[in-house]
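Colleague: I'm new to this structure and would like a close look at one spot in it. Could you pick a single residue, walk me through its surroundings, and then zoom out from there?

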Amino acid sequence: MNPSLSQLVGTFLRRAWLYVLVAVTMIFLVTPTLIVLPMSLSDARYLSFPPKSFSLQPFLNYFASLEWRTATGISLVTAFLTMVLATTLGTAAAYALHNSQQRYLGVLRGLIMAPMIVPTIFTAIGLFFIYARLGLNNSIPGLVLAHTLLALPYVIINVGAGLKSYDMTQEHAACILGATRLRAFFDITLPQIRFSIITAAMFAFAVSLDEAVVSIFISGGDSATLTKRMFSSLRSEIDPVIAVVATLMTLLSIVMLVVSLVAQRRNRRRGAA
């Protein structure tokens, strides 16, 4: 029996507060982006909102600036290397945690997730003094290792979720039939959790690209990241190019989000099948 119009109206009114709350939350989340985008098209010499007139000059200034292009290259290279390293290590860690029956597994899992809990500023200070002794400050290897530390929990969570929906008896059957554990993982397990790994890789890339606190402490000179360059520019120039960089990073984040959502949807379809 189809619900009557009065029942539909009554249901809508009872949930109206929820719809309003969702709308307010979405507006709150989207508003900064809606402010930054027009600022990146302003023809003013300094950041201003609302812009009095629009121009593509800030974008031209960004692409013409060697400092901004160098910082962008450093950030992209660091994010890519972090994605590769964090995804590899995180997948191995998630697999080990999923199959382990150790007594102190909860403690180990908590230690691995610590970078998500400990304030980033504490991690940055600790890394700065350790890197000072190892000579890794102001270097890409130092940035990659630091960003990998911060990205690992996100990879482990996503890959672990994929492993929970996977039937490990398939891998065990392959081992019984003569395959080594490593061969069984690559031939049987990996193809079935690949969408979770893709999502984890996108998270690792985004975490590295967006990281600012650690980068401010351990990067500089020729290895300054885009976020470090943005903070330095905010203190001295307040150039509209900052809004251009924020806009481009937002667009890249949207692309990665779409890739992640597509991977998650295909993973759910595979699970349903």
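Modeller: Let's start with what T148 touches: leaving aside residues up to four places away in sequence, its contacts are T82, L85, A86 and L89. Keep in mind that this is a predicted model. T148 itself sits in helix 8, which covers residues 140-164. Its four partners fall within the stretch 66-99, and that stretch is helix 4.

Is T148 buried or exposed? With a relative accessible area of 4%, T148 counts as buried, because the cut-off for that label is under 20%. Its side chain also has a polar partner close at hand in the chain: it reaches the backbone oxygen of V144, at 2.6 Å.

Helix 4 turns up again if you follow the salt bridges. How many of those does a search of the whole structure find? The count is two. One joins the side chains of R229 and E67, with 2.7 Å from N to O. Since R229 belongs to helix 13 (residues 226-236) and E67 to helix 4 (residues 66-99), this pair ties together parts that lie 162 residues apart in sequence. The two ends have rather unlike surroundings: R229 is buried, at 13% relative accessibility, whereas E67 is exposed, at 51%.

The other salt bridge is a local affair. R183 and D187 meet through their side chains at 2.3 Å, N to O. Both are in helix 10 (residues 181-192), and they sit four residues apart, which is about one turn of the helix. Here R183 is exposed, with 52% relative accessibility, while D187 is partly exposed, with 41%.

Now let's zoom out. The protein has 14 helices and zero strands, so to speak an α pattern from one end of the sequence to the other. Contacts across the sequence are a big part of the picture: of those with a separation of 6 or more, 73% are between residues 24 or more positions apart. Buried residues, T148 among them, make up 38% of the 273 residues.

As for overall shape, the C-alpha atoms fill a box of roughly 70 × 70 × 30 Å along the principal axes. The radius of gyration is 23 Å, where a compact globule of 273 residues would have one near 19 Å. On the outside, the accessible surface comes to about 16,400 Å², and 70% of that belongs to carbon and sulfur atoms.

How values were computed: Residues numbered from 1 in each chain as written. Predicted model: local features only at pLDDT ≥ 70, side-chain atom pairs only at ≥ 80, totals over all residues. Heavy atoms only, no water. Helix = DSSP H or I, 4+ residues; strand = E, 2+ residues; numbered from the N terminus. Buried < 20%, exposed > 50% of the residue type's maximum accessible area, 1.4 Å probe, protein only. Polar contact = N/O pair within 3.5 Å; in protein donor to acceptor, adjacent residues only side chain to side chain. Contact = heavy atoms within 4.5 Å. Salt bridge = Lys/Arg side-chain N within 4 Å of Asp/Glu carboxyl O. Rg over C-alpha atoms; globule rule 2.2 N^0.38 Å. Areas by Shrake-Rupley, 256 points an atom, 1.4 Å probe, with all protein chains shown as cover.
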